[in-house]
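Q: I would like a close look at one part of this protein, taken slowly and with its surroundings in view. Please keep to what the model itself supports.

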Amino acid sequence: MNWSLFKRFIPGKTAAVVTPVAIPRGQHPITHALISANALKVLHRLREAGYASLLVGGCVRDLMLGREPKDFDVVTDARPEQIRAVFRNARLIGRRFRLAHVHFGREIIEVATFRASPRAGAIDTDEATDAESGRLLRDNVFGSQEEDAVRRDFTVNALYYNYRDDSVMDYVGGARDLKQGILRVIGDPVERYREDPVRMLRVIRFAAKLGFRIEPASAAPIHEMGMLLLEVPPARMFEEVLKLFHSGYAVATFELLRHYGLFKFLFPLTEDSLGREQEGFPITLLPQALANTDARVADDKPVNPAFLFAALLWEPLRFAAGQRIAKGQPEYQAWQSAAEDVLRSQLRHITIPKRFSFPMREIWLLQTKFARRSGKHAWRLLEHPRFRAAYDFLLLRAHAGEESRELADWWTRFQAVDPAERQAMIDALAPSERPERKRRRRRRRSRPADHAPQQ
Ligand code: ATP
Ligand code: MG
């Protein structure tokens, strides 16, 4: 039997018959006042042009929960080209998933066309999915609103808000799952994870963010399917990793990723080092860095991917540098080559664009310089463009007990006081740190394991 033909004509489980339920105004908390004015503008303009227009996805989910949405996603029956014709300020983006971005200054309203699952009887099924893995390569088969609902990832992400009559449409039991705090994959979880392994990361991100439980049938396959993440293009993984760790719930996300055995497919070297160090010396730097990141997001402070990746890869770097130093490599050279190796190995899984990997490496390598404060060293370090990030990283290391508090405190004070006092601080350093060239060289050679990892 030709199974691909069979699949084409018999809709899979994901295309199950759905009974739409409309939740009328007043029976849910969404009102126009809670919606971005620009999103309302987009909904209205599409409507005026004769197209369907609804809010969908995370914004409806978050509004239903009484939370402020991160952004507003609009869905319509207009094709991408037609959307562009309606808005002067629209740009079409994406290949795998083509949609329009409507720009209003800094706010972007994402407008997508109703789509069907390419598996559910679509004409170009074979082109759009990889026959062997079942992975979706493209997701541009347009469809009806019902079809659009069942091809979404989780029931709570498939609610539609109609701004005209203030009703919420629910095709897949999303409202009930929202009420009960449950994340449930729409359709057969194994098939849906196979189509797009990133959905496993998404379910974890939402579980962490919303504090929801993952329904057992949606949770169970994750333990066995994590390796599919290795097939996801590294550039997409980079985007996902930022969403995982920069959304304000990094600590919970990290714990869930490890619980479900997914972290090792994102950061294999880090996973190894976590296992290695856990006996006796629990690793505290990374959890602390993630906790700090969450606190910054909560305070609306900027977060930096370079710093995040510096923390995520710090343990493998420290280990690799320590090994080199133990073999007699000069300290700075050891850190440099360890940094190259760790980065190269990580890039196989996740792209780290150069604009982040360069500063990441600087944050790392500057760590070797904090101990040398005599002469002009401290002054020079203070003027380094990456000083602030490197100092923040030093604080993390001191907090984790791998660098002395005294050193971290010295640098905290050094920044706070005026220049005259700074010089006095340098002059007051112990004789061993004074700028005596010969002495310093001897010291460096006689203590090659200065920065070796503490076991
Ligand atoms: P966030 O709060 O992070 O924006 P979100 O649910 O809006 O969460 P988006 O990535 O903005 O997430 O996606 C918008 C909607 O598109 C989702 O709610 C979901 O319905 C659908 N979607 C996104 N990614 C996928 C995917 N990989 N598979 C199926 N549906 C998806
Ligand atoms: Mg969204």
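What is the strand order of the open sheet of eight strands, and what kind of pairing does the sheet have?

A: In this predicted model, the eight strands of the open sheet follow the order 1-8-7-2-3-6-5-4, and their pairing is mixed. The edges are taken by strand 1 (21–23) and strand 4 (90–93), each of which has a single partner strand, so one side of each is left without a neighbour in the sheet. On average, neighbouring strands of this sheet are turned by 30° against each other when direction is ignored.

One pairing can be followed down to residues: strand 2 (residues 53–56) and strand 7 (residues 159–162) run antiparallel and are joined by two bridges, and L55 has Y161 in strand 7 as its bridge partner.

The sheet also has a part in the largest pocket, whose volume is about 2,200 Å³. Strand 3 (73–76), strand 5 (99–104) and strand 6 (107–113) each supply at least two residues of the lining of this pocket, as do helix 3 (58–64), helix 9 (198–210) and helix 12 (234–245). Helix 12 gives the most, with six residues. In total 49 residues line the largest pocket, and those that lie nearest its centre are K70, D71, E110, R202 and K243. Sorted by class, the lining of the largest pocket holds 26 charged residues, together with 16 nonpolar and seven polar ones.

Note on methods
Residues are numbered from 1 along each chain as its sequence is written. Chains are lettered from A and ligands numbered from 1 in the order in which they are written. This is a predicted model: local features need pLDDT of at least 70, side-chain atom pairs count only at pLDDT 80 or more; totals for chains, interfaces and linings use all residues. Side-chain values use heavy atoms; hydrogens and water are left out. On a 1 Å grid over the protein atoms alone, a cavity is a set of points where a 1.4 Å probe fits but cannot get out, and a pocket is an open set with protein on both sides within 12 Å along at least five of seven lines; lining residues have an atom within 4 Å of a point. Grid points are joined across faces, edges and corners, and a volume is the space filled by probe spheres set on the points. Helices (H or I, at least four residues) and strands (E, at least two) are DSSP runs, numbered from the N terminus. Ala, Val, Leu, Ile, Met, Phe, Trp, Tyr, Cys and Pro count as nonpolar, Asp, Glu, Lys and Arg as charged, and the others, Gly among them, as polar. Two strands pair if DSSP finds at least two bridges between them. Axes are lines fitted to C-alpha atoms, for helices over the stretch in contact, and angles run from 0 to 180 degrees between N-to-C directions.
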